[in-house]
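Visitor: Please take one part of this model and go through it closely, residue by residue where that helps. I would like to see how the salt bridges sit in the fold and what surrounds them.

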Amino acid sequence: MDAAQHVRFSPLQTSLSAKILNDLGVEAADLSTAFLIDNGEVYSKSSSILRMLSYTRFPWSWMAAVLLCLVPLFLRDFGYDLFARNRGAIWKTLKKMTGIGDVSLETYGSRVIVSDEDRIPEGWGLLPREKKE
């Protein structure tokens, strides 16, 4: 992950994200699209994901640089859209095949920014889980 913790997340469903993107002239109508704001530039879809990977360690940062340079934007975004449309089925299949899934993201909860009026839904896995006795 982002060892230096440069990257922060804000769900598109929140009023804070809507305000930030609106202030930058971006209409975020499609909630399946990822956006990255980096040094005042707004990146979306595959460009946002690959640029986020540039903050991670090798080999992910290297892979991101190669894909950004070698694969044309229209092909990257075609792949991004294909994944976005089918991600539920992809994750369910991955979970069945590998047993990986239902990951708690609470360790990353401090990196999610929302306004005081927004609440993070419990089902997103970012809030501390209740301890069962």
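Guide: Asp 23 is an exposed residue, with a relative accessible area of 53%. The model is a predicted one, and Asp 23 is a convenient place to enter it. Its salt-bridge partner is Lys 19, and the closest N and O atoms of the two lie 2.8 Å apart. Lys 19 is exposed as well, at a relative accessible area of 51%. Asp 23 and Lys 19 belong to helix H1, which covers residues 15-23, and because they are 4 residues apart in that helix, about one helical turn separates them.

Helix H1 also has a residue that is not exposed. Leu 21 is located in H1, and its relative accessible area of 5% means that it is buried, since buried stands for values under 20%. Across a gap of 14 residues along the chain, the C-alpha atom of Leu 21 is 8.9 Å from that of Phe 35.

For orientation, the protein has 4 helices and 2 strands. Read from the N terminus, their order is α-β-β-α-α-α. The protein has 133 residues, of which 24% are classed as buried. If contacts are restricted to residues at least 6 apart in sequence, 44% of them connect residues at least 24 apart.

The salt bridges in the structure number 2. Besides the pair in H1, there is the bridge of Asp 81 with Lys 45, whose side chains meet at 3.0 Å, N to O. Here Lys 45 belongs to helix H2 and Asp 81 to helix H4, so the bridge ties together parts of the chain that are 36 residues apart in sequence. Asp 81 is partly exposed, at a relative accessible area of 24%. Lys 45 also falls in the partly exposed class, at 22%.

Lys 45 has a backbone feature of its own: its phi is positive, about 50°, although the residue is not a glycine. A positive phi of about 50° in a residue that is not a glycine is found for Asn 39 too. The setting of Asn 39 is the loop between strand S1 (35-38) and strand S2 (41-44), while Lys 45 is in helix H2. Asn 39 has a relative accessibility of 76% and therefore counts as exposed, whereas Lys 45 at 22% counts as partly exposed.

Now to the packing around the Asp 81 bridge. Helix H2 spans residues 45-53 and helix H4 spans residues 73-98; their axes are 7 Å apart and meet at an angle of about 90°. The two helices are therefore roughly perpendicular to each other. On the H2 side of this contact are Lys 45, Ser 46, Ser 47, Ile 49 and Leu 50, and on the H4 side are Leu 73, Arg 76, Asp 77, Tyr 80 and Asp 81. By type, the contact residues are 4 nonpolar, 2 polar and 4 charged. Lys 45 and Asp 81, the partners in the salt bridge, are thus among the residues of this contact, because they appear in the lists for H2 and H4.

Ser 46 deserves a separate look within the same contact. Its position is in helix H2, and with a relative accessible area of 7% it is buried. Its side chain makes a polar contact, at 2.7 Å, with the side chain of Asp 77. When residues up to four places away in sequence are left out, Ser 46 touches Leu 73, Arg 76, Asp 77 and Tyr 80. Those four residues are included in the H4 side of the helix contact. The H2 and H4 contact therefore holds a buried Ser 46 as well as a partly exposed Lys 45.

One more backbone feature lies further along the chain from Ser 46. The peptide bond that leads from Phe 58 to Pro 59 is cis, and its omega is near 10°. Pro 59 is situated in the loop between H2 and helix H3, the latter covering residues 60-70.

To return to the salt bridges: Asp 23 and Lys 19 are paired within helix H1, and Asp 81 and Lys 45 are paired between H4 and H2.

Conventions: Residues are numbered from 1 along each chain as its sequence is written. This is a predicted model: local features need pLDDT of at least 70, side-chain atom pairs count only at pLDDT 80 or more; totals for chains, interfaces and linings use all residues. Side-chain values use heavy atoms; hydrogens and water are left out. Axes are lines fitted to C-alpha atoms, for helices over the stretch in contact, and angles run from 0 to 180 degrees between N-to-C directions. Angles under 35 degrees count as roughly parallel, over 145 as roughly antiparallel, 65 to 115 as roughly perpendicular and the rest as oblique. Contact means heavy atoms within 4.5 Å. Ala, Val, Leu, Ile, Met, Phe, Trp, Tyr, Cys and Pro count as nonpolar, Asp, Glu, Lys and Arg as charged, and the others, Gly among them, as polar. Buried means under 20% relative accessible area, exposed over 50%, partly exposed in between (1.4 Å probe, protein chains only). A polar contact is a pair of N or O atoms within 3.5 Å; within protein, one must be able to donate a hydrogen and the other to accept it, and residues adjacent in sequence count only if both atoms are side-chain atoms. A salt bridge is a side-chain nitrogen of Lys or Arg within 4 Å of a carboxyl oxygen of Asp or Glu.
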